[in-house]
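Subject: Structure handover

Hello,

Here is the structure we spoke about, handed over for your use. My notes on it follow below.

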Amino acid sequence: ADTGQSVSGEFVFNGVSFENYYNSGGWFNGFTVSNFTDITTPGYLNQFSSFTGNGVYNSANYSVYYLPGAIQTNDPFVKINGFMLTNTTYAALSMRDGDGYGKQFGSIYDADGMVDGTNGEDFFKLWIIGESFDGSMVDSMEFFLADYRFADDTEDYIVDEWVNIDLAGFNFDVATLNFGFESSDNNTFGVKTPTYFALDNVEIETTSNLDETAASHFSMYPNPVRDVLYVNGGIGSLQITNAMGQIVLERSHANESEINVSNLESGVYFVTLTDENSQRTQQLIK
């Protein structure tokens with residue numbers, strides 16, 4: 001995993017910044033880029049693995065988050081529509097089995113063997129905090145990475161798959177995302193559950209000067225794609241970039257295009273249609 005030693009304060013993908021804080025001792029906060037696949041080894045030394053063992057649609061790379069750190073578009077005309085997340089192996093196994101510091105979820109005892117007052121009704125909650133570009137509008141939503149509060153214990157769960165988070169519920173264009181955690185397992189220093197999650201497929205949209213030519217009539221299918229991508233609507237230039245912002249394909253477009261993408265590696269890409277007055281970007285999964 002790249003914990004940030006090779007960058008200065010952020011990772012940037014398709015123009016969006018993912019904050020990263022790193023010191024020479026190997027500690028990080030914010031986001032890392034990871035391709036770790038270990039879903040069985042417990043503990044801090046396995047902090048970079050998603051609990052699915054891969055990224056979305058079995059992609060090799062994804063991101064791991066450790067509090068604090070933000071996602072920012074850095075552009076008033078770009079908004080974040082959503083993303084996908086799951087647990088890390090470190091957090092999931094700590095909750096499932098206990099690890100000597102964090103408790104085993106569902107138990108009436110804390111990690112020290114003392115009755116903790118939860119009656120086993122444990123939870124691990126992620127707060128997703130959205131903010132407009134100028135900071136004038138802020139809202140939040142909650143997502144439970146684990147929930148053991150059901151009357152029927154068979155309904156208790158720890159998230160072990162990629163889940164889509166749709167930000168359409170915010171009544172403004174989200175330009176910044178921050179995150180916070182709550183848990184039933186706490187001490188005087190705060191949350192004892194490892195405050196991590198894995199993130200992938202951040203979906204963004206350009207909102208500036210969207211006219212009928214490029215925006216409303218621009219569609220593509222299939223998505224995810226395997227060999228051939230069909231693009232319909234709009235007149236201008238098409239550009240496909242990878243998750244690192246590198247251009248992998250560029251061509252002119254007039255209403256209909258049939259694009260062979262069989263030589264692209266599996267992963268997340270962004271398809272941008274540009275004409276004289278406007279630009280629209282959509283996410284593509286290969």
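I start with one residue in a loop. Asn-58 counts as exposed because its relative accessibility is 62%, and exposed means over 50%. The residue sits in the loop between S3 and S4. Its phi is positive, about 65 degrees, although Asn-58 is not a glycine. Please keep in mind that this is a predicted model.

The same stretch holds other items. Tyr-57 is also placed in the loop between S3 and S4, and its phi, near 55 degrees, is again positive in a residue other than glycine. Tyr-44 belongs to the loop between strand S3 (28-34) and strand S4 (62-66) too. With a relative accessible area of 33%, Tyr-44 is partly exposed. Together with Trp-27 and Leu-45, Tyr-44 makes a nonpolar surface patch of about 390 Å².

Now the chain as a whole. Its secondary structure comes to two helices and 19 strands. The C-alpha atoms fill a box of roughly 70 × 45 × 40 Å along the principal axes. The radius of gyration is 21 Å, which agrees with the value near 19 Å for a compact globule of 286 residues. Of the 286 residues, 48% are buried. The accessible surface is about 13,700 Å², and carbon and sulfur atoms account for 47% of it. Among contacts with a separation of 6 or more, 63% are between residues 24 or more positions apart.

Next, the interior. The largest nonpolar core has 40 residues, and those with the most contacts inside it are Ile-71, Phe-83, Ile-128, Leu-167, Leu-177, Phe-179 and Phe-197. Elements that give two or more residues to this core include strand S2 (16-22), strand S6 (78-86), helix H1 (89-97), strand S7 (123-131) and strand S8 (138-147). Another core, of 14 residues, lies apart from it; Phe-218, Ile-240, Val-261 and Leu-273 are among its members. Back in the largest core, which residues does Leu-167 contact, leaving aside its neighbours within four places in sequence? They are Ile-80, Asn-81, Gly-82, Phe-83, Ile-128, Met-141, Val-174 and Leu-177.

Helix H1 is mostly covered, with seven of its nine residues buried. The buried ones are Thr-89, Tyr-90, Ala-91, Ala-92, Leu-93, Ser-94 and Met-95. Their cover includes S7, S8, strand S9 (157-158) and S14. After H1 comes Gly-98, with a positive phi near 75 degrees.

Ser-107 is in the loop between H1 and S7. Is Ser-107 buried or exposed? It counts as buried, because its relative accessibility is 18% and the cut-off for buried is under 20%. Leaving aside neighbours within four places in sequence, Ser-107 is in contact with Asp-116, Thr-118, Gly-120 and Asp-122. Ser-107 is 25 residues from Gly-82 in sequence, and their C-alpha atoms are 34 Å apart in space.

Last, the cis peptide bonds. One joins Leu-67 and Pro-68, with omega about -5 degrees; Pro-68 is in the loop between S4 and strand S5 (71-72). A cis bond also joins Asn-223 and Pro-224, with omega about 15 degrees. Pro-224 is found in the loop between strand S15 (219-221) and strand S16 (228-242).

Regards

Methods
Residues numbered from 1 in each chain as written. Predicted model: local features only at pLDDT ≥ 70, side-chain atom pairs only at ≥ 80, totals over all residues. Heavy atoms only, no water. Patch = residues over 30% accessible without salt bridge, like charges linked within 9 Å, V, L, I, M, F, W, Y side chains within 5 Å. Areas by Shrake-Rupley, 256 points an atom, 1.4 Å probe, with all protein chains shown as cover. Salt bridge = Lys/Arg side-chain N within 4 Å of Asp/Glu carboxyl O. Helix = DSSP H or I, 4+ residues; strand = E, 2+ residues; numbered from the N terminus. Buried < 20%, exposed > 50% of the residue type's maximum accessible area, 1.4 Å probe, protein only. Rg over C-alpha atoms; globule rule 2.2 N^0.38 Å. Contact = heavy atoms within 4.5 Å. Core = buried A, V, L, I, M, F, W, Y, C linked by side-chain atoms within 4.5 Å.
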